[in-house]
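Got your viewer open and a selection box ready? Let's take a walk through this one, stop by stop.

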2 protein chains.
Amino acid sequence: MTKKAVFYHAGCSVCVEAEQSVAHALDRSRYNLEIVHLGQQKGRLKEAEAAGVKSVPALVLDGLPFHINFGAGLDALK
Amino acid sequence: MTKKAVFYHAGCSVCVEAEQSVAHALDRSRYNLEIVHLGQQKGRLKEAEAAGVKSVPALVLDGLPFHINFGAGLDALK
């Protein structure tokens, strides 16, 4: 059974690097990866916050939030 | 050809969570993963710093450093 992986970003350069490296390095046979651009999909902000996401880029793996470097705080996207 | 992934940690709880989730989620068919405990392997600190690592846990993917959440600064491990 695959687990859920959601990569939240905002299109910033730090985000793009993390997406191309970390998110795309995940084992897709075990993780179902979704990429969410919080700047363009503001409706997903609440869901990201509920998962514990404070800044982007962030990767939520099977419900656990992992902040990868620092691009922008979520407040900057509201 | 597999790329190199090095996960640097210091045994802290934040590190353990990141290792079990992020490091172990990597696609091992594409990445050759090495786990380095910088508290126990202080000889590897210079190499980590040279790769741009500022704090642990950190993942260096194909030479690029990604800091995952924050456990401890490297200075605390010297």
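Start by selecting A:Arg44: is this residue buried or exposed? It is buried, as A:Arg44 has a relative accessible area of 18%, and the cut-off for that label is under 20%. Before going further, keep in mind that you're looking at a predicted model.

**Stop 1: the partners of A:Arg44**

Keep A:Arg44 selected and add A:Glu34. Their side chains form a salt bridge, 3.1 Å from N to O. A:Arg44 sits in the loop between strand 2 (31–37) and helix 2 (45–50) of chain A, while A:Glu34 is in strand 2 of chain A, so the pair ties together parts that are 10 residues apart in sequence. Unlike buried A:Arg44, A:Glu34 counts as partly exposed, at 31% relative accessibility.

**Stop 2: Arg30 and Asp27, in both chains**

Now select A:Arg30 and A:Asp27. Here's another salt bridge between side chains, at 2.9 Å from N to O. A:Arg30 is partly exposed, with a relative accessible area of 33%, whereas A:Asp27 is buried at 12%.

Hop over to chain B and pick B:Arg30 with B:Asp27. These two form a salt bridge as well, with their closest N and O atoms 2.9 Å apart. B:Arg30 counts as partly exposed at 32% relative accessibility, and B:Asp27 counts as buried at 13%.

Back in chain A, add A:Glu47 to the pair from the opening stop: A:Glu34, A:Arg44 and A:Glu47 are joined into one network by salt bridges that share partners. How many salt bridges does the structure hold over all chains? The total is 10.

**Stop 3: the nonpolar core**

Select A:Leu61 and B:Leu61. In the largest nonpolar core, which has 26 residues, these two touch the most other members. Which elements feed this core with at least two residues each? In chain A they are strand 1 (3–9), strand 2, strand 3 (55–61) and strand 4 (64–73). In chain B they are strand 1 (3–9), strand 2 (31–37), strand 3 (55–61) and strand 4 (64–73).

Zoom in on A:Leu61 and show its surroundings. Leaving aside residues up to four places away in sequence, A:Leu61 touches A:Lys4, A:Ala5, A:Leu26, A:Tyr31 and A:Phe66 in chain A, plus B:Ser21, B:Val22 and B:Ala25 in chain B.

**Stop 4: where the chains meet**

Colour by chain and look at the interface. There, 17 residues of chain B are in contact with 17 residues of chain A. The two chains bury about 1,500 Å² between them, with 56% of it on carbon and sulfur atoms. Which residues of chain B lose the most area to chain A? Select B:Ala25, B:Phe66 and B:Asn69, which together make up 34% of what that side buries.

How many salt bridges does the rule find across this interface? The count between chain B and chain A is 0, but there are 10 residue pairs in polar contact, both residues at pLDDT 80 or more.

Next, highlight helix 1 (13–21) and strand 4 of chain B: these are the elements that give two or more residues to the side of chain B that touches chain A. Strand 4 of chain B has the largest share of that side, with 6 residues. By residue class, that side of chain B divides into 10 nonpolar, 4 polar and 3 charged.

**Stop 5: backbone geometry worth a click**

Switch to a backbone view and select A:Val56 and A:Pro57. They are joined by a cis peptide bond, with omega about -5 degrees, and A:Pro57 lies in strand 3 of chain A. Then try chain B: a cis peptide bond joins B:Val56 and B:Pro57, with omega about 0 degrees, and B:Pro57 is in strand 3 of chain B.

For the phi angles, select A:Asn69. Although not a glycine, A:Asn69 has a positive phi of about 50 degrees. This residue lies in strand 4 of chain A and counts as partly exposed, at 21% relative accessibility.

Finish at B:Asp62, which also isn't a glycine yet has a positive phi of about 50 degrees. Where is B:Asp62 placed? Look in the loop between strand 3 and strand 4 of chain B. B:Asp62 is partly exposed, with a relative accessible area of 49%.

Technical notes
Residues numbered from 1 in each chain as written. Chains lettered and ligands numbered in written order. Predicted model: local features only at pLDDT ≥ 70, side-chain atom pairs only at ≥ 80, totals over all residues. Heavy atoms only, no water. Salt bridge = Lys/Arg side-chain N within 4 Å of Asp/Glu carboxyl O. Buried < 20%, exposed > 50% of the residue type's maximum accessible area, 1.4 Å probe, protein only. Helix = DSSP H or I, 4+ residues; strand = E, 2+ residues; numbered from the N terminus. Core = buried A, V, L, I, M, F, W, Y, C linked by side-chain atoms within 4.5 Å. Contact = heavy atoms within 4.5 Å. Buried area = accessible area lost by both parts, 1.4 Å probe. Polar contact = N/O pair within 3.5 Å; in protein donor to acceptor, adjacent residues only side chain to side chain. Nonpolar A, V, L, I, M, F, W, Y, C, P; charged D, E, K, R; others polar.
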